[in-house]
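Notebook open, structure loaded. I want to go through the overall build, then the core, then the aromatic rings.

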Amino acid sequence: AHDCIIKNRCILANNATLAGHVELDDFVVVGGMSAIHQFVIIGAHVMLGGGSMVSQDVPPYVMAQGNHAQPFGVNLEGLKRRGFDKPTMHAIRNVYKLIYRSGKTLEEVMPEIEQIAQTESAISFFVEFFKKIFCVLTPSAEMVFVKDNQIPICGMYKFIFRFYSANIVCAEQILKRTENNNRFCFVASVI
């Protein structure tokens with residue numbers, strides 16, 4: 001690994017592999033024999049299961065596992081161990097449901113997430129994370145869809161910035177929504 005940023009209190013089990021320019025936020029746990037693709041950003045309090053192949057950004061508080069890693073819930077056990085109270089964990093779970101189960105795009109749920117963040121400070125990690133990795137596209141931007149339900153990459157930026165993979169675990173929902181409504185939403189993270 002080169003040029004990686006590993007923040008405070010992260011745990012990397014045996015043979016956890018980071019490619020170049022990976023960023024791990026605070027309290028990330030990477031299971032053994034896991035690999036993280038270059039330029040991926042892992043949000044705070046994330047738990048990556050053993051043997052995971054992570055090729056997309058993972059939002060804060062999420063548990064993800066598999067080849068390619070998919071989200072499967074909120075890291076509630078990790079949050080309990082770090083002293084999060086029940087109302088905070090409930091708010092985090094509600095935001096997770098908004099992102100992954102509401103059937104809406106991130107563009108549509110961001111105002112709701114920002115509103116929840118005003119009353120619950122732990123939700124600000126979601127807001128900061130999505131602002132960091134996304135830029136909103138306009139309908140005039142050319143879209144290039146990547147195979148395997150990955151997030152669309154904007155043609156007008158792909159030559160200016162270096163894109164290596166479509167970088168968000170919830171990309172499947174965004175892509176479905178985009179294809180069904182013929183709308184443009186988000187671009188992969190820019191370097």
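**Overall build.** I counted secondary structure before anything else: the protein has six helices and 13 strands. Note to self: this is a predicted model. I then looked up burial, and 48% of the 191 residues are buried. The accessible surface comes to about 9,500 Å², and carbon and sulfur atoms hold 51% of that. I also checked how far apart in sequence the contacts reach. Taking contacts with a separation of 6 or more, 38% are between residues 24 or more positions apart.

**The core.** Next I pulled up the largest nonpolar core, which has 41 residues. Those with the most contacts inside this core are Leu24, Ile36, Ile42, Leu48, Ile92, Ile113 and Phe126. Which elements supply at least two residues each? I found β7 (41-42), β10 (62-66), β11 (69-74), α2 (86-101), α3 (106-119) and α4 (124-133). Helix α2 gives the most, with eight residues. As a general reminder, nonpolar side chains tend to be buried together in soluble globular proteins.

I picked Leu24 for a closer look. Leaving out residues up to four places away in sequence, Leu24 touches Ile5, Ile6, Lys7, Cys10, Leu12, Leu18, Val30, Ile36 and Ile42. Two of these, Ile36 and Ile42, are also on the list of residues with the most contacts inside the core.

**Asn75.** Then I went to a polar residue. Asn75 sits in the loop between β11 and α1 (76-81). Is Asn75 buried or exposed? Its relative accessible area is 6%, so I put Asn75 down as buried. I looked for a polar partner and found the backbone oxygen of His45, 3.1 Å from a polar atom of the Asn75 side chain. Residues up to four places away aside, Asn75 touches His45, Val46, Met47, Tyr61, Val62, Met63 and Arg82.

**Aromatic rings.** Tyr61 on that contact list took me to the rings. I searched the whole structure and got six aromatic pairs. Tyr61 and Phe84 make an edge-to-face pair, with 6.1 Å from centre to centre and 80 degrees between the planes. Tyr61 is in the loop between β9 (53-54) and β10, and Phe84 is in the loop between α1 and α2, so this pair ties together parts 23 residues apart in sequence. Tyr61 is buried, at 1% relative accessibility.

I looked at Phe126 and Phe130 next. Their ring centres are 6.5 Å apart and their planes are at 15 degrees, so I logged the pair as stacked. Both residues lie in helix α4, four residues apart, which is about one turn of the helix. Phe126 is buried at 1% relative accessibility, and Phe130 is buried at 3%. Stepping back, I saw that ring pairs link Tyr61, Phe84, Phe125, Phe126, Phe129 and Phe130 into a cluster.

**Helix α4.** I finished on this helix. Which residues of α4 are buried? I listed Phe126, Val127, Phe129, Phe130 and Ile133. Looking down the axis of α4, I found these within an arc of 165 degrees, so they line one face of the helix. That goes with a general point: an α-helix has 3.6 residues a turn, so residues three or four places apart point the same way. Last lookup: the cover over the buried residues of α4 includes β7, α2 and α3.

Technical notes
Residues numbered from 1 in each chain as written. Predicted model: local features only at pLDDT ≥ 70, side-chain atom pairs only at ≥ 80, totals over all residues. Heavy atoms only, no water. Core = buried A, V, L, I, M, F, W, Y, C linked by side-chain atoms within 4.5 Å. Buried < 20%, exposed > 50% of the residue type's maximum accessible area, 1.4 Å probe, protein only. Contact = heavy atoms within 4.5 Å. Areas by Shrake-Rupley, 256 points an atom, 1.4 Å probe, with all protein chains shown as cover. Polar contact = N/O pair within 3.5 Å; in protein donor to acceptor, adjacent residues only side chain to side chain. Phe/Tyr/Trp six-rings, centres within 6.5 Å; stacked < 30°, edge-to-face > 60°. Arc of directions from axis to C-beta.
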